[in-house]
Amino acid sequence: MAKKASSTGGKSLVIVESPAKARTIGKFLGKDFTVEASIGHIRDLPQGSKEVPEEFKKESWSYLGVNVEDRFTPIYIVPAGKKQQVAKLRSALKAAKDLYLATDEDREGEAISWHLHEVLKPKVPVKRLVFHEITKEAIQEAIDNPREIDDGLVRAQEARRILDRLYGYDVSQLLWKKVGRGLSAGRVQSVSVRLIVERERQRMAFRSATYWDLLGTFAAEASDEFQATLISVDGRKIPSGKDFDSSTGKIKDETLLMLDEAAAKELNDRLRFAKFKVLSVESKPYTRKPAPPFTTSTMQQEANRKLGFTARRTMNAAQSLYENGHITYMRTDSTNLAQVAVDAARDLVRSEYGSDYLPETPRAYANKVKNAQEAHEAIRPAGHPFELPGALKGNLNSDEYRLFEMIWKRTIASQMVDARGHNTTVMIEGDGAIFRVSGRTIDFPGFLRAYVEGSDNPNAELADRETILPAVEEGQPVECRDLHSTDHTTQPPSRFTEASLTRELEDKGIGRPSTYASIIDTIQARDYVFKKGNALVPTWTAFAVTRLLEEHFGSLVDYQFTAQMEDLLDSISRREAESVDYLQNFYFGDQPGLKAKLAAKTEEIDPRVMSRFPVGTPTEGEHREEIVLRVGKFGPFVEQGERKASLPEGMAPDELTLERAVELLDQGARDDEPLGICPDTHKPVFLKVGRFGPYVQRGTPEDDEKPKNASLLKGMTPEDITFEVALRLLTLPRTLGEHPELKAPVIAQNGRFGPYISCGKETRSLPADLSPIDVTFEQAVELLAKPKTRGRGAAKEPLKVFEASPVTEEPIKLLEGRYGPYVTDGETNASLPKGISPDELTFDQAVNLLAERAAKGGTKKKKKTAKKAAKNAPKKKAAKKKVAKKKTE
């Protein structure tokens, strides 16, 4: 139990960010402490004009929420969704003898503590608690050694927040005018998008090359077979992929021997009867050192490679592990380990793997990341001795357990000896042709016994890493048992994955690793990027935005400038620079500053130019005008004179070749040819392919009436659509007749979630073997007579049930709604944003989503009936009187 505070009176109040953290800390503090959660930030800049205080609304800068005319003073407000929690904290503070602010130890946590102090205005002693793990020992140490709020960290976080608001709000407004509504810009976000777009440009410019070589199967006397690859013929080297120019597909060095299929076959025939011998055998020892313990960035990268986790999924699991006392703080740039952690790791190496795996002296790791904070530790198992993964298996969910096991193994491996082995290269020669084969042996696995990067099973990986060659000697004859020619095609540069983007941003010193997960979420939510497998693919909107920023605001997306910006913000935290001076120069400077540059560029930028990308000019066929791609209001499309065609959903930019563009335009032209003329309306009927797939249409936009469209039924393809089928699809929704009991029309229709029958408020999904264009009245009535098995009429089981909401005290539920998953606390509903899967959602995220939705005047449950409202009116009136009485007191 923690020591009691020295002051007299009631209990000590401890405030942390999350309910989960509050519960864990509460276990260690005992009955003399009350632990409450702020549920993240309780104050922030206004999120829109509605939240700007009335006194500032007429100011020219009010939309920013920052008074740029008075030393960039931020206008802080308590969002509506946080007012109830603030009232709860004020109430708890009234009964407290002192206040401990125990938010996280980084800048964000320091800022939360400062805002709590500013809003609550405590009249009791205030102390700042800092710890990097939630264990009994760490909490007691923090209580014994409290400190003051670090004003340098607070000012640095505030400067970062203001800078992001100036950049984000002003540049985003320009993007809305010049590219499209709903877009956003950001200090790290826009640079991340530029990196992804640049990689796609490289892929688009790439020209592949094909080359051939030979693969031989050899065997020495009384030895196993081994394969070797041709590397030279008659003194001329055979090229490999790196020997070709990626922009032309041509070989860089003309002295290399470039084989085509015919030349490879001819060489194969020549060497079939050659005599081969071992030209040389070279064996070199190697050692490999273990990787350092995890930082935030390396943990995200490795979890993506090893476990297939997104950055968000990794951070959710890590947050839960930290708040429940299983790992140290998960937002860190440091690779340091505390001495107690080093001792704990070495003890485990000795007990789990033996003394042969333990180095004589502990390993220390130097930080390579700019501005890494040495006071922080790497991510490691909390406490000492470390908990064993097996002991926690029943207490953690799958994601938490797998991440904890990975962190545990990496930490242990970081204090183990090097892996040692030999690399062997054997050269085989015959008739002027030289073949090469390389092998690797592991003499002592060292740290690889505990942890292999990117592998779930170190033992299996050790076997895969060994390529053992037969024992041969220089000059020894070998038999060629097989020769066959193989072709190779050079590949374009790989797209970024979450792991490789994280590494690139960190290497360039851009942003903070703790923010990368939210950045990756944002660029997907804004439709700048979508995923193909693990690859991050830019949209054409991303191309348009990146072009605009590169051509008109180059410094804002310049990698070096952005990294320097990060350095300056760090210098503010160290009190080496003044935040107001930096903000003044950024916004009003002579370079010119952002404000002046935006004013000048608003008139200069032509939106049509920014959203136009040449594809090429056909040299054959009827249409030979230039083809361009345009980013339109409803998505990207190709245009050639009067001809236009939408791009299919999910088509990557590097897939839009000139040939593919011609195909799309030709398809669009065929779409303009009617299947026939509707006998009832005398209007043409078309089969069209839109952005979201094929559909049939009756009429044209030039008609008096809006054309009628009908989607294809599930399982239908454009090849299935005849004129007759199109007419039947256009009959939907079909009225089949009046229900004999419900006295309402029975209607068959094709809905967003599939075909169904409706009658008044009653609906039933059609079974897979029954089509809405074929279902009869009798079949529909029979379906309506059966109990409802899905839909709003049948309550669905929640996907997840969390603990009670700190606001409504009702369990928070994750439900599957008509428009996707959402959370509810009984009063407010909040949809899950893009990038967060239901499996990854945590309790704290759910609480924050509901708070944000409530702050915006969010989606509420339906109001009570008049009868219930009348019944509850006296209770509400009494409650209001009670509150008014308290205020007067």
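## Strand E7, helix packing and ring contacts in a predicted model

Thr-217 is found in strand E7, which covers residues 210–219. The model is a predicted one, and in it Thr-217 is buried, at 9% relative accessible area. That value falls on the buried side because the cut-off is under 20%. Leaving aside residues up to four places away in sequence, Thr-217 touches Glu-225, Phe-226 and Gln-227, and also Glu-479, Cys-480, Arg-481 and Asp-482. One of these partners, Phe-226, turns up again in a ring cluster: ring pairs tie Phe-218, Phe-226, Phe-276 and Phe-435 together.

Stepping back to the whole chain, there are 25 helices and 32 strands. The C-alpha atoms fill a box of roughly 105 × 90 × 65 Å along the principal axes. Of the 889 residues in the chain, 49% are buried. Taking contacts between residues at least 6 apart in sequence, 66% of them join residues at least 24 apart.

Helix H12 (residues 398–413) is a good place to look at helix packing, with H10 and H9 as its partners here. Two packed helices are described by the angle between their axes and the distance between the axes. For H10 (residues 339–352) and H12, the axes come within 9 Å and cross at roughly 90 degrees. H10 is therefore roughly perpendicular to H12. On the H10 side, the contact involves Ala-345, Leu-348 and Val-349, and these meet Trp-408, Thr-411 and Ile-412 of H12. Sorted by class, the H10 contact with H12 has 5 nonpolar residues, 1 polar residue and no charged ones.

Helix H9 (residues 311–323) also packs on H12, at an angle of about 85 degrees and with the axes 9 Å apart. That puts H9 and H12 roughly perpendicular to each other, so the label rests on the angle, with 65 to 115 degrees as the range for it. H9 brings Arg-313, Thr-314, Ala-317, Ala-318, Ser-320 and Leu-321 to the contact, while H12 brings Asp-399, Glu-400, Leu-403 and Phe-404. By class, the contact of H9 with H12 has 5 nonpolar, 2 polar and 3 charged residues. Charged residues thus feature in the contact of H9 with H12, whereas the contact of H10 with H12 has none.

Aromatic rings come next. The structure holds 19 aromatic pairs. Among them is the pair of Phe-802 and Phe-843, which is tilted, with 6.4 Å from centre to centre and 50 degrees between the planes. This pair links distant parts of the chain: Phe-802 belongs to strand E28 (residues 800–804) and Phe-843 to helix H24 (residues 843–855), and the two residues are 41 residues apart. Both Phe-802 and Phe-843 are buried.

Rings also take part in contacts with charged side chains. The charged end of Arg-165 sits over the ring of Tyr-169, at 4.0 Å from the ring's centre. Lys-306 does likewise with Tyr-451, lying over the face of the ring at 4.2 Å from the ring centre.

The backbone has a few spots worth pointing out. His-384 and Pro-385 are joined by a cis peptide bond, with omega at about 0 degrees. Pro-385 sits in the loop between H10 and helix H11 (389–392). Another cis peptide bond joins Leu-732 and Pro-733, here with omega at about -5 degrees. Pro-733 is also a loop residue, placed between helix H22 (723–729) and strand E24 (734–738).

Positive phi values in residues other than glycine appear at Asp-431 and Arg-575. For Asp-431, phi is near 50 degrees, and the residue is in the loop between strand E11 (419–430) and strand E12 (433–444). Asp-431 counts as partly exposed because its relative accessibility is 39%. For Arg-575, phi is near 65 degrees, and the residue lies in the loop between helix H17 (559–573) and helix H18 (579–588). With a relative accessible area of 55%, Arg-575 is exposed, since the cut-off for that label is over 50%.

How values were computed:
Residues numbered from 1 in each chain as written. Predicted model: local features only at pLDDT ≥ 70, side-chain atom pairs only at ≥ 80, totals over all residues. Heavy atoms only, no water. Axes fitted to C-alpha atoms, helices over the stretch in contact; angles between N-to-C directions. Helix = DSSP H or I, 4+ residues; strand = E, 2+ residues; numbered from the N terminus. Parallel < 35°, antiparallel > 145°, perpendicular 65-115°, else oblique. Contact = heavy atoms within 4.5 Å. Nonpolar A, V, L, I, M, F, W, Y, C, P; charged D, E, K, R; others polar. Phe/Tyr/Trp six-rings, centres within 6.5 Å; stacked < 30°, edge-to-face > 60°. Buried < 20%, exposed > 50% of the residue type's maximum accessible area, 1.4 Å probe, protein only. Lys NZ or Arg CZ within 6 Å of the ring centre and 35° of its normal.
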